[in-house]
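Colleague: Could you walk me through this chain, one question at a time? I would like to follow the reasoning behind each reply.

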Amino acid sequence: MGGFHEMSESAAVRAAPYRGGHVGGCVCTGREPAWGLSRRALLWRFGMGLGGLALAELLREEWGGAGARGEGGGASARAMRGVLEGPHHPPRARRVIYLFQSGGPSQLETFDYKPLLNEKQGQPLPDEVRAGQRLTGMSANQAILPLAGSVFRFQQHGACGAWVSELLPHTASVVDELCIIRSMYTEAINHDPAITFLQTGAQIAGRPSIGAWLGYGLGSDTADLPAFVVLITRGKGDQPLYSRLWGAGFLPSQYQGVHLRAGAEPVLYLNNPPGVTASGRRLLLERLRELHELQAAATADPEIEARIAQYELAFRMQTSVPEATQVSGEPDYIFDMYGPDARTPGTFAANCLLARRLAERGVKFIQLYHQGWDQHGNLPAGIRQQCRETDQPCAALLRDLKQRGMLEDTLVIWGGEFGRTNYSQGRLEPANYGRDHHPRCFSIWMAGGGVRPGTVYGETCPYGYNVVRDGVHVHDFHATLLHLLGIDHQRLVYRFQGRDFRLTDIAGQVVQGVLA
């Protein structure tokens, strides 16, 4: 049958702990015949089509089958199902809010205190510390690489005693909720491959994003909103962000992220055009579905099913998106908690508040992007502004989730694509300097969702240039994220062009030291 592939013996073994394993567009089960046709394929072959499948799924819900459940607890046959009919192990997190700081925040101005750099201010970076590390073209031709200590003060905070910069007073006030990882490292030294690596597990474009993998594996907890939503701070420049960063890659297209924009039309082309009523739109979708079912019966193309699902979700989103994005009903104390920007749509603060609302409504993966962290020059002024825009909202999000009892099963992540060098790019002045890209070490934090709170994990050398203890590679980070959601990263696979792909490729170890 065109578009469907048989499940190999090895793939069937990997799928065995759950009933569904998605291979090249076909949902197969480890206990079905070797030719591995899915229920959908069988229904199409016998002429029942997607209508018959929908009826079967509705009856299954009525009979008490394992349906997707939203925050309200009611079963919904319309919610997107994942290929895993249950997690591989008990999950600690149900959802993720990823606060991606695009551009590469300096760890030396935020969470990785290195007083030695101030003592050796202006001295060349020792060769034995650099150890042949490649440089970008922006600093490779400098006569010297002068060490640059941070101009910002650090203090220890909380019961855990973590060092945090004066730039982040609000984050410092919730430091006992955080697991700060100071030993992240990556292989990419330029923005696009580095961001792509963090978001998709590969430096080359075309792989599915984290949120797409989660939707594929776990499905959705809500029928009326996407499982994967993207929010981007409005009006920020710096390095570009491409829609492929939240794309589905080679997974079926219904797993891609949906970008919610600030303003009157959060999703482009979602609303009915003038003269088209809701009932008219519903009738159109019914007739279109019938045509799609005829085509699906003839071709067995799984993308047709994806198209039908997207049309149906878009119709429901005409009601659900305006309700979810309407924050005017939030009490004043909530706006005060998130800061003065929270009332301005499209700001990072407003997006953090919206992220909490989406999490309440069952969205599984909420991806925020905040650009502007690429400070090759004039770093003190630039990073001060970035922290002013993000510090209070990040802390408020954690407090808000906690007061609603949601932090314990919501994984919140903060971090960028790489770190910054310990030497100044360009001219080093007493109160001004810049820092180049640095993949060998950088800092992120995680909170909630099964992460060990009040923890500082990993260590860099006194120069802040190399990881010396408990390094965490990007693949390790992804393996740990999936583990917290109940997924064994080695067993969530998708066969494409004759190869089994996964988010962690052929690497990755769960970082046990950050687990609660």
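Colleague: What is phi near in A300, the residue that follows α9?

Modeller: This is a predicted model, so local features need pLDDT of at least 70, side-chain atom pairs count only at pLDDT 80 or more, and totals for chains, interfaces and linings use all residues. Residues are numbered from 1 along each chain as its sequence is written, and side-chain values use heavy atoms, without hydrogens and water. Most residues other than glycine have a negative phi. A300, just after α9, has a positive phi, near 55°.

Colleague: How far apart are the end C-alpha atoms of α9?

Modeller: Helix α9 covers residues 278-299, which makes 22 residues (helices are DSSP runs of H or I with at least four residues, strands are E runs with at least two, both numbered from the N terminus). The expected span is 1.5 Å times one less than the number of residues. That gives 32 Å for α9, and the model agrees because the end C-alpha atoms are apart by 31 Å.

Colleague: Within what arc do the buried residues of α9 fall?

Modeller: The buried residues in α9 are L285, H292, E293 and A296 (buried is under 20% relative accessible area, exposed over 50%, partly exposed in between, with a 1.4 Å probe and protein chains only). Seen down the helix axis, they line one face of α9, because they fall within an arc (taken over the directions from the axis to the C-beta atoms) of 110°.

Colleague: Which residues are exposed on the other side of α9?

Modeller: An α-helix has 3.6 residues a turn, so residues three or four places apart point the same way. On the side of α9 away from the buried face, the exposed residues are L291, L294 and A298.

Colleague: What is the relative accessible area of Q497?

Modeller: Q497 sits in the loop between β20 (494-496) and β21 (499-501). Although Q497 is not a glycine, its phi is positive, near 50°. Q497 counts as exposed because its relative accessible area is 72%.

Colleague: And D470, what is its relative accessibility?

Modeller: D470 lies in the loop between β18 (467-469) and β19 (472-473). D470 is also a non-glycine residue with a positive phi, about 55°. D470 counts as partly exposed, because its relative accessibility is 32%.

Colleague: How many residues apart are E109 and R435?

Modeller: E109 and R435 form a salt bridge, with their closest N and O atoms 3.0 Å apart (the rule asks for a side-chain nitrogen of Lys or Arg within 4 Å of a carboxyl oxygen of Asp or Glu). E109 is in the loop between β5 (95-101) and α4 (115-119), and R435 in the loop between β13 (419-420) and β14 (437-438). Both residues are buried. The pair links distant parts of the chain, and the separation in residues is 326.

Colleague: Which residues do salt bridges with shared partners join into one network?

Modeller: Let's look at two pairs on the way. D488 meets R491 at 3.5 Å, N to O, and E360 meets R361 at 3.6 Å. E360 is partly exposed because its relative accessibility is 23%. The residues joined into one network are E323, E330, R356, R357, E360, R361, D400 and R404.

Colleague: Finally, how many salt bridges does the count come to?

Modeller: E109 with R435 is one of them, and D488 with R491 is another. By the distance rule, the count of salt bridges comes to 31.
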